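This report concerns the pairing of charged side chains and the exposure of the residues that take part.

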Amino acid sequence: AILHAIGNLNKELYNSVIKKDSYLDNFFNNTKGNEDNQKMKPEDIATYMSEDKEIDVLHKEAVEAGETVVPDIEEVINNHFICFSLVEGHIYELDGRKDSPINHGTIAEILNTTNTSNNNNNNEDKLLDAVIKIVKDEFMARDPDELRFTFTALTGTSNV
């Protein structure tokens, strides 16, 4: 989910959080395409990741640096991560278990409001409200007794 989120950041935010020539920068340049190469298909990105030993090393280092007890490799873990991303005015759910992104619609459609402005910042200001509505209406309504979930937001710095 974090890779989905980072991969869908706008250029300004991406450049503010991803160090040039870092592992992630190289990963996205190799898979998303640029002036030197074409964008990979999702199945090719999966192959690229499964064959990439550097991500295994970096992941192991991050896990060992953390404070959480690492479960045994054979332990069954009931965790799942998804990402919501605003792309061209629509909120997409990115889930590695699904065949393709799920388009939930525009922020105005989700919040049942009329957006009179084409200003993308106006949309971004309501993104969290729209995602919360999706989660409440679709995820929490499906299993109202399930309380195990976490939100993480990747955002820019505030000028406030």
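A salt bridge is taken here as a side-chain nitrogen of Lys or Arg within 4 Å of a carboxyl oxygen of Asp or Glu. The model is predicted, and a search of the whole structure finds five salt bridges. Three of them are described below, including the pair formed by lysine 133 and aspartate 137.

In that pair, the closest N and O atoms are 2.5 Å apart, which means that the contact satisfies the limit of 4 Å. Both residues belong to helix 8 (residues 127-140), where four residues, about one turn of the helix, set them apart. Lysine 133 is partly exposed, with 27% relative accessibility, and aspartate 137 is also partly exposed, with a relative accessible area of 45%.

Elsewhere, salt bridges link Glu93, Asp95 and Lys98 in a network. Lysine 98 pairs with glutamate 93 at 3.7 Å, N to O. Aspartate 95 also forms a salt bridge with lysine 98, and the closest N and O atoms of that pair are 3.7 Å apart.

Which residues of the network count as buried, and which as partly exposed? Glutamate 93 is buried, because its relative accessibility is 3%, and aspartate 95 is buried at 9%. Lysine 98, at 41% relative accessibility, is partly exposed.

The distances are collected here.

| Salt bridge | Closest N to O distance |
|---|---|
| Lysine 98 and glutamate 93 | 3.7 Å |
| Lysine 98 and aspartate 95 | 3.7 Å |
| Lysine 133 and aspartate 137 | 2.5 Å |

Conventions:
Residues are numbered from 1 along each chain as its sequence is written. This is a predicted model: local features need pLDDT of at least 70, side-chain atom pairs count only at pLDDT 80 or more; totals for chains, interfaces and linings use all residues. Side-chain values use heavy atoms; hydrogens and water are left out. Buried means under 20% relative accessible area, exposed over 50%, partly exposed in between (1.4 Å probe, protein chains only). Helices (H or I, at least four residues) and strands (E, at least two) are DSSP runs, numbered from the N terminus.
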